[in-house]
Amino acid sequence: MLQIKSFTFNPFAENTYLVYDDSKEALIIDPGCYEKQEKGELFDFISKNGLTPVKLLNTHCHIDHVLGNAFVKSTYDIPLWYHQEEEAILKAVSSYAPNYGFAQYQESKADHYIREGEYIKFGNSQLLSLWVPGHSPGHLVFYHQESATCIGGDALFKGSIGRTDLPGGHHETLIQAIRQKLFALPDEVVVHPGHGPQTTIGEEKETNPFVGKTASS
Ligand SMILES: [Zn+2]
Ligand SMILES: [Zn+2]
């Protein structure tokens with residue numbers, strides 16, 4: 001059975017996810033841990049539950065989602081995977097991190113570029129990658145069909161959508177990608193977003209003011 005543990009880290013209140021199954025192999029997705037105490041919280045949970053992280057994934061590479069990449073890579077010696085179109089987004093983080101107060105940020109390099117439709121395997125499970133650009137050019141959503149859940153990053157939120165005013169963002173692209181890729185999933189699919197509480201595809205189809213049925217565009 002798939003287990004999803006969430007942590008909320010850094011001043012952006014970013015949700016970091018640990019996804020694992022009965023095999024105890026785990027994926028670490030979007031580690032936003034920066035302060036020592038945040039890194040300790042992630043580390044302690046993994047230790048106490050006897051988990052073995054096997055891959056580090058980024059839904060996209062904005063600063064709040066990658067602050068803990070170097071810590072995770074060095075602690076667990078696991079490969080970093082993200083979409084190739086996030087390369088420039090990640091590169092930019094080093095230049096602006098000090099301005100946001102993250103002087104200790106260290107860049108990590110990709111070990112693999114995830115393609116759309118690729119299955120990411122761990123333990124006895126696999127997540128399907130869905131390309132949902134617009135908030136960021138190479139933004140991915142990781143979908144687990146058997147448990148009807150997905151790790152949504154900053155594409156779709158409860159009652160909102162990702163901002164599109166950052167470099168590489170595009171509003172119409174995001175609206176279209178959510179409707180074509182995420183709203184094609186079953187209504188009961190639970191979305192675990194990069195910020196704020198979880199929601200479902202059905203709830204957002206019904207009530208989301210930007211992409212739901214009452215949206216103006
Ligand atoms: Zn973002
Ligand atoms: Zn974010």
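Along the chain, the donors of the zinc ion (ligand 1) follow the spacing H-x1-H-x72-H-x18-D; donors here are N, O and S atoms within 2.8 Å of the metal (3.2 Å for Na, K and Ca), and water is not among the atoms, so sites may look incomplete. This is a predicted model, in which local features need pLDDT of at least 70, side-chain atom pairs count only at pLDDT 80 or more, and totals for chains, interfaces and linings use all residues. Residues are numbered from 1 along each chain as its sequence is written, chains are lettered from A and ligands numbered from 1 in the order in which they are written, and side-chain values use heavy atoms, with hydrogens and water left out.

Here are the two sites:

| Zinc ion | Protein donors | Distance | Angles |
|---|---|---|---|
| ligand 1 | His60 (NE2), His62 (ND1), His135 (NE2), Asp154 (OD) | 2.1 to 2.4 Å | 88 to 174° |
| ligand 2 | Asp64 (OD), His65 (NE2), Asp154 (OD), His195 (NE2) | 2.1 to 2.2 Å | 87 to 158° |

The site of ligand 1 is irregular. Four donors count as tetrahedral if all angles lie between 85 and 135 degrees; four count as square planar and six as octahedral if opposite donors are over 155 degrees apart and all others between 65 and 115; anything else is irregular. Because its donor atoms subtend angles of 87 to 158°, the arrangement around ligand 2 is irregular too.

Aspartate 154 bridges the two zinc ions, which lie 3.5 Å apart. Histidine 60 and histidine 135, 75 residues apart in the chain, both sit in loops, and both are buried (under 20% relative accessible area with a 1.4 Å probe, protein chains only; exposed is over 50%, partly exposed in between).

Technical notes:
Helix = DSSP H or I, 4+ residues; strand = E, 2+ residues; numbered from the N terminus.
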